[in-house]
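Student: I have a model open and would like to take a close look at one part of it with you. Could we start with how the helices pack and then follow a few residues outward from there?

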Amino acid sequence: KALEHAHRDRREKKRTFRQLWNARINAAARENGTTYSQLIHGMKEQGITVDRKILSELAVNESEAFTALVKSAVK
């Protein structure tokens, strides 16, 4: 059973972290006057390729850089 649970939980950990990253990005995006979906859409339109993990770190630790990224993505 331990092997089955270990396999399942490795997959679940990935899912849990992605949910955390999305929540952090959404909270920071709303502080900058937009939503998560508008931000991600704007980034794809502008060709900005930053993954959600890095976006989350920017939102938490480098708010000025995140604000600049939001302004360039959502025009």
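Which residues in α1 meet which residues in α3?

Tutor: Happy to walk through that with you. Please keep in mind that this is a predicted model. On the α1 side, the residues are R18, W21, N22, R24, I25 and A28. In α3 they meet R52, K53, L55, S56, E57, A59 and V60.

Let's put that contact in its setting. Helix α1 covers residues 2–31 and helix α3 covers residues 52–61. The two pack at an angle of about 45°, and their axes are 9 Å apart. An angle of that size makes α1 oblique to α3. As for handedness, α1 passes α3 in a left-handed crossing. Sorted by class, the residues of this contact of α1 with α3 are six nonpolar, two polar and five charged.

Now zoom in on S56, which lies in helix α3. Its relative accessible area is 0%, and because buried means under 20%, S56 counts as buried. If you set aside the neighbours within four places in sequence, S56 is in contact with W21, R24 and I25. Each of those three also appears on the α1 side of the helix contact, so you can find S56 on screen by starting from W21, R24 and I25.

Staying with α1 for a moment, its residue range of 2–31 also takes in R8 and D9. R8 forms a salt bridge with D9, with the closest N and O atoms 3.1 Å apart. The structure holds one salt bridge. In general, side chains of opposite charge can pair when their charged atoms come close. R8 is partly exposed, at 43% relative accessibility. D9 is partly exposed as well, with a relative accessible area of 35%.

Next, follow the chain into the loop between α1 and α2, where you will find N32. At 30% relative accessibility, N32 counts as partly exposed. Leaving aside neighbours within four places in sequence, N32 is in contact with F66, T67 and V70. Two distances help to place N32 further. S63 is 31 residues from N32 in sequence, and their C-alpha atoms are 9.9 Å apart in space. S72 is 40 residues from N32 in sequence, with 12 Å between the C-alpha atoms. S63 itself is found in helix α4, and at 40% relative accessibility it is partly exposed.

That leads to the other helix pair. Helix α2, residues 36–46, packs against helix α4, residues 63–73, at an angle of about 70° and with the axes 8 Å apart. This angle makes α2 roughly perpendicular to α4. Here too the crossing is left-handed, with α2 passing α4. From α2, the contact is made by L39, G42, M43 and Q46, while α4 contributes F66, L69, V70, S72 and A73. By class, the contact of α2 with α4 has six nonpolar and three polar residues, and no charged ones. F66 and V70 deserve a second glance: they take part in the contact with α2, and they are also among the residues in contact with N32.

Note on methods
Residues numbered from 1 in each chain as written. Predicted model: local features only at pLDDT ≥ 70, side-chain atom pairs only at ≥ 80, totals over all residues. Heavy atoms only, no water. Axes fitted to C-alpha atoms, helices over the stretch in contact; angles between N-to-C directions. Helix = DSSP H or I, 4+ residues; strand = E, 2+ residues; numbered from the N terminus. Parallel < 35°, antiparallel > 145°, perpendicular 65-115°, else oblique. Left-handed = near helix turned anticlockwise from the far one by under 90°. Contact = heavy atoms within 4.5 Å. Nonpolar A, V, L, I, M, F, W, Y, C, P; charged D, E, K, R; others polar. Salt bridge = Lys/Arg side-chain N within 4 Å of Asp/Glu carboxyl O. Buried < 20%, exposed > 50% of the residue type's maximum accessible area, 1.4 Å probe, protein only.
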